[in-house]
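Me: Could you take me through how to read a model of two chains, one feature at a time?

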Amino acid sequence: MELVAAAALGKFIGAGLAAIGSGAAAIGVGNVAGNFLAGALRNPSAAGSQTATLFIGLAFAEALGIFSFLVALLLMFAV
Amino acid sequence: MAAEEHGEGLAFHPMDQFIVRPLFGEGDVGVFTITNATLWMALSVLAIALLFIVGTRGRAIIPTRVQSIAELAYGFIHKMVEDVAGKEALTFFPYIFTVFLFIVFSNFLGLLPMAFTPTSHIAVTAVLAIGVFLTVTIVGFAKNGAGFLSLFWVSSAPLPLRPILALIEIISYFVRPVSHSIRLAGNMMAGHAVIKVFAAFAPLVLISTIGIAVTPLSIVAITAMYGLEILVAFIQAYVFTILTCVYLKDALHPGH
């Protein structure tokens, strides 16, 4: 009985810990966007051609945050 | 109220919207059951067909509004494929354009109230991503033969490092369909769940006095999230498409 309760508690704690990953991904995405903006303001004429690169960078940074979200979801609903 | 049922403070569960249900009657969902997912996928396909049939019927020199939208979408993806993956990749433009339109329309139709978002399900996005993965792998080997394997053998790196890099490259190659599909599904699911969490707080004014403060806040939050979701719905379709182009570029030119 106690084991079941501990498992249920651990599930929630684990999901909460996984949410830290989302925050870390937010830092990564902010880094990408901020550096892009810093570069774009230095050389605005080259910025337009680099938006595709910007989005690829954002997507890669974000993917790992989404993985942690997925871990949280799995803990909450699948385990 | 359903609140007692879930044992939480919410009027309904934010994940309820993602349940796949049979469209007609009750019962189990089988392979050929027509579900709400089927309905909304069919609706997005119909909407795409309608846009392009109506849009391309006139073929006017001065485009009508519908024709402008169709031309805009076509030109946007055509340019993206050409810029990112190169001229040779234009052979795959119809495929990429189809994938893009399906994702964009599913995402946007899913934003309608009471709608179901097919792209919030990993099953749907995984099929799209595995399709891209297989296409890229087959095209890579068909175009370059064994030379496609040079994608994993980074010739610009120092020789002792290359086996380690090869291992990392191989792992990252096979993780691609996973991250490709989960990114789209996760974004759609997370955004819709956040809207539903706020939506569940909105009727609090009916059952408790604290709702006088919470209800206006959550309605403002729903509106703000909705605006963000419109942005995300487009950006995720764009990201999915542009990554398809990037992977295709790897397949066509594995050397660099």
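Reply: What follows is a short dialogue on confidence, a helix, the core and the interface of this predicted model.

Me: Where in chain B is the mean pLDDT of an element lowest, and where is it highest?

Reply: Where pLDDT is low, the predicted coordinates should not be read in detail. Here the mean pLDDT of chain B is 87, with 95% of its residues at 70 or more; among the elements of that chain, helix α1 (residues 2-6) has the lowest mean, 41, and α4(B) the highest, 95. Residues 1-8 of chain B fall below 50, although in the model this stretch has eight contacts beyond near neighbours in sequence. For the model as a whole, the scores are ipTM 0.73 and pTM 0.85.

Me: What span should the 40 residues of α6(B) have?

Reply: Counting 1.5 Å a residue, α6(B) should span 58 Å, and because its end C-alpha atoms are 55 Å apart, the two values agree. The helix nevertheless bends by about 40° at B:Val175, with the proline B:Pro177 following within four residues.

Me: Which residues have the most contacts inside the largest nonpolar core?

Reply: That core has 45 residues, and B:Phe100, B:Ile103, B:Cys245 and B:Leu248 have the most contacts inside it. Helix α3 (51-78) of chain A is among the elements that each supply at least two of its residues, while α7(B) gives the most, 12. Setting aside neighbours within four places in sequence, B:Leu248 is in contact with B:Ala85, B:Ala89, B:Phe92 and B:Val136.

Me: How many residues of each chain are in contact with the other?

Reply: In this model, 11 residues of chain A are in contact with 14 of chain B; the chain A side comprises 10 nonpolar residues, one charged residue and no polar ones.

Notes. Residues numbered from 1 in each chain as written. Chains lettered and ligands numbered in written order. Predicted model: local features only at pLDDT ≥ 70, side-chain atom pairs only at ≥ 80, totals over all residues. Contact = placed C-beta atoms within 7 Å. Nonpolar A, V, L, I, M, F, W, Y, C, P; charged D, E, K, R; others polar. Core = buried A, V, L, I, M, F, W, Y, C linked by C-beta atoms within 7 Å. Buried ≥ 20, exposed ≤ 12 C-beta atoms within 10 Å, placed from the backbone. Expected span 1.5 Å × (residues − 1). Bend = angle between axes of the 7 residues up to and from the residue. pLDDT = per-residue confidence, 0-100.
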